[in-house]
Amino acid sequence: MLTRVGFLLFCLALGAILPFLTVTAQSDISPKAHDLHFSSIVVDTHDDTTQRLLDPKFDFGIRHNDGSIDIPRMREGNLSAIFFSIWISGTITGPEAVKRAMDQIDVVRELPVRYPKDIALARTADDVRRIHADGKIAALMGVEGGHMIDNDLGVLRDFARLGVRYMTLTHMVDTDWADSSTGKSTHNGLTDFGKQLVHEMNRMGIMVDISHVSDKTFYDALAISEAPMIASHSSCRAICDAPRNMTDDMIKALAAKGGVVHINYHVGFLSQEFRNADKANPDMGKAMQEEIKKRCGENEGCQLTEGDKITREYVAQGKLPRVEWTKIIEHIDHAVKLVGADHVGLGSDFDGANMPYGMEDASHLPQLTNALLAKGYSAGDIQKILGGNTLRVMEQVEATSKRMGGQP
Ligand SMILES: [Zn+2]
């Protein structure tokens with residue numbers, strides 16, 4: 001049994017060793033995987049770091065001990081292009097929703113001004129390639145939830161003009177024109193206005209994102225979208241039965257029309273064991289929410305990062321199972337076995353969800369390349385999964401927009 005002083009010394013020693021353990025983990029990457037990873041364009045289609053950027057005191061240019069994304073850690077993991085999520089709760093609607101979305105678009109658009117050596121704003125796949133060749137990180141935007149257009153196609157078009165490149169049709173609740181996977185099936189899928197909106201997204205070159213939507217909304221959108229669609233951050237329901245994940249049939253249907261499912265790293269979407277434990281104890285969920293509120297108040301950036309921390313505290317106390325980062329590989333491999341390597345990508349949900357052990361932040365991304373190589377994936381297929389597929393869909397969406405007479 002450790003005495004108090006002994007325990008203190010143990011903690012100090014652990015603190016001294018931990019940085020070296022991280023180095024050891026990085027050196028586990030084979031030279032071949034390292035070279036492949038760092039010669040690739042790595043794209044992440046969903047990051048909630050925008051909530052942190054809203055705090056003017058948050059410095060994106062320095063390495064932080066919390067959260068998952070900042071310039072140094074993106075550099076360490078060669079995260080080359082990032083879709084900043086423009087997100088507010090689906091329960092906030094009307095002009096306030098538009099205003100708050102605009103505030104978030106503003107902070108993302110200011111990033112290249114604050115960090116001109118590191119960040120540039122990208123609108124197209126070619127922009128991403130050019131920015132990467134210049135040695136900078138490409139910043140893109142996706143609006144997470146159609147409620148932010150306030151039922152106004154003009155607002156949608158303004159989002160496109162400001163550089164928004166995808167919109168998730170719903171967040172956690174139904175909108176006035178589309179059902180969410182966690183909603184009440186208000187419309188049995190997409191309404192006529194919802195269908196008109198998908199058409200306008202195609203015309204304006206905004207990718208249709210079906211993460212969060214109900215299965216019926218997914219099939220309705222797929223039937224009418226003239227461009228391939230994406231799931232910006234969804235995993236496989238065959239492995240973890242969350243309504244937010246995609247069934248095998250949905251993944252096949254998405255791929256058949258050229259789309260890409262970007263695998264989400266959230267433990268509750270990766271692991272059935274975690275999901276079962278979480279669902280079995282609703283009081284624990286409530287206690288966690290209360291603790292988050294206590295630590296953060298209404299600061300949503302804080303709520304998201306503290307939520308991740310508190311989940312880990314519960315895992316350490318044995319209240320929730322520990323989920324390893326290799327689960328991400330399991331989901332990637334499942335989707336690849338279903339539809340091939342041309343239709344799978346990465347959509348972490350960093351800074352907006354609870355990350356598995358070993359994938360705490362963007363610096364760990366080379367592990368994915370290392371694991372896929374070890375599994376026998378070809379270098380070409382890995383590069384497609386890391387970002388090539390996303391860039392291909394962006395090009396197809398750009399071409400559709402041009403054909404439909406959309407504005408550049
Ligand atoms: Zn989400």
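1. Serine 185 sits in the loop between β5 (164-168) and α8 (192-204). The model is a predicted one, and in it serine 185 has a phi near 55°, a positive value in a residue other than glycine. Most residues other than glycine have a negative phi. With a relative accessible area of 54%, serine 185 is exposed, because the cut-off for that class is over 50%.

2. Histidine 212 also has a positive phi, about 80°, and is not a glycine. Its place is in the loop between β6 (207-209) and α9 (215-224). In contrast to serine 185, which is exposed, histidine 212 is buried, at a relative accessible area of 5%. Histidine 212 should be read together with the metal site, since its NE2 atom is a donor to the zinc ion.

3. Which residues coordinate the zinc ion? The donors are Glu144 through OE, His212 through NE2 and His233 through NE2, at 2.0 to 2.2 Å. Along the sequence, these donor residues follow the spacing E-x67-H-x20-H. Glutamate 144 belongs to strand β4 (residues 137-144), while histidine 233 is in the loop between β7 (230-231) and α10 (248-256); the pair therefore ties together parts that are 89 residues apart in sequence. Water is not among the atoms, so the site may look incomplete.

4. Are the other two donors, glutamate 144 and histidine 233, buried or exposed? Glutamate 144 is buried, with a relative accessible area of 3%. Histidine 233 is buried as well, at 0%. Together with histidine 212 at 5%, these values fall in the buried class because its limit is under 20%.

5. Aromatic contacts come next. The whole structure contains six aromatic pairs. One of the pairs joins phenylalanine 60 and tyrosine 115: the ring centres are 6.3 Å apart and the planes are at 65°, so the arrangement is edge-to-face. Phenylalanine 60 is in the loop between α3 (50-53) and α4 (71-76), and tyrosine 115 is in the loop between α5 (94-114) and β3 (119-121), so this pair links parts of the chain 55 residues apart. Both phenylalanine 60 and tyrosine 115 are buried. Phe60 and Tyr115 also form one aromatic cluster with Phe84.

6. Tyrosine 265 and phenylalanine 350 make another edge-to-face pair, at 5.5 Å centre to centre and with 90° between the planes. This pair links distant parts of the chain as well: tyrosine 265 lies in the loop between β8 (260-263) and α11 (267-270), and phenylalanine 350 in the loop between β9 (344-346) and α16 (366-374), 85 residues apart. Tyrosine 265 is buried at 0% relative accessible area. Phenylalanine 350 is likewise buried, at 0%.

7. Tyrosine 357 deserves its own entry. Arginine 312 lies over the face of its ring, 4.1 Å from the ring centre. Arginine 322 also lies over the face of tyrosine 357, at 4.0 Å from the ring centre. Arg312, Arg322 and Tyr357 are among the residues that line the largest cavity.

8. How many cavities of 30 Å³ or more are there? The count is three. The largest cavity holds about 50 Å³ of space. Its lining includes Val267, Phe274, Asp308, Asn354 and Met355. Helix α14 (residues 300-316) gives the largest share of that lining, four residues. By class, the lining has seven nonpolar, two polar and three charged residues.

9. The largest pocket has a volume of about 1200 Å³. It is lined by 37 residues, of which Met172, His266, Gln289, Gly352 and Asn354 are the closest to its centre. At least two lining residues come from each of α11, α12 (272-280), α13 (282-296) and α14. The lining divides into twelve nonpolar, 15 polar and ten charged residues. Asn354 appears in the lining of the largest cavity too.

10. A last point concerns proline 116, which is found in the loop between α5 and β3. Proline 116 is partly exposed, with a relative accessible area of 47%. From proline 116 to asparagine 299 the C-alpha to C-alpha distance is 27 Å, with their positions 183 residues apart in sequence numbering. Tyrosine 115, of the pair with phenylalanine 60, is in that loop between α5 and β3 too.

Definitions and conventions
Residues are numbered from 1 along each chain as its sequence is written. This is a predicted model: local features need pLDDT of at least 70, side-chain atom pairs count only at pLDDT 80 or more; totals for chains, interfaces and linings use all residues. Side-chain values use heavy atoms; hydrogens and water are left out. Donors are N, O and S atoms within 2.8 Å of the metal (3.2 Å for Na, K and Ca); water is not among the atoms, so sites may look incomplete. Buried means under 20% relative accessible area, exposed over 50%, partly exposed in between (1.4 Å probe, protein chains only). Rings of Phe, Tyr and Trp (its six-membered ring) pair if their centres lie within 6.5 Å; planes under 30 degrees apart count as stacked, over 60 as edge-to-face and the rest as tilted. A charge sits over a ring if NZ of Lys or CZ of Arg is within 6 Å of the ring centre and within 35 degrees of the ring normal. On a 1 Å grid over the protein atoms alone, a cavity is a set of points where a 1.4 Å probe fits but cannot get out, and a pocket is an open set with protein on both sides within 12 Å along at least five of seven lines; lining residues have an atom within 4 Å of a point. Grid points are joined across faces, edges and corners, and a volume is the space filled by probe spheres set on the points. Ala, Val, Leu, Ile, Met, Phe, Trp, Tyr, Cys and Pro count as nonpolar, Asp, Glu, Lys and Arg as charged, and the others, Gly among them, as polar.
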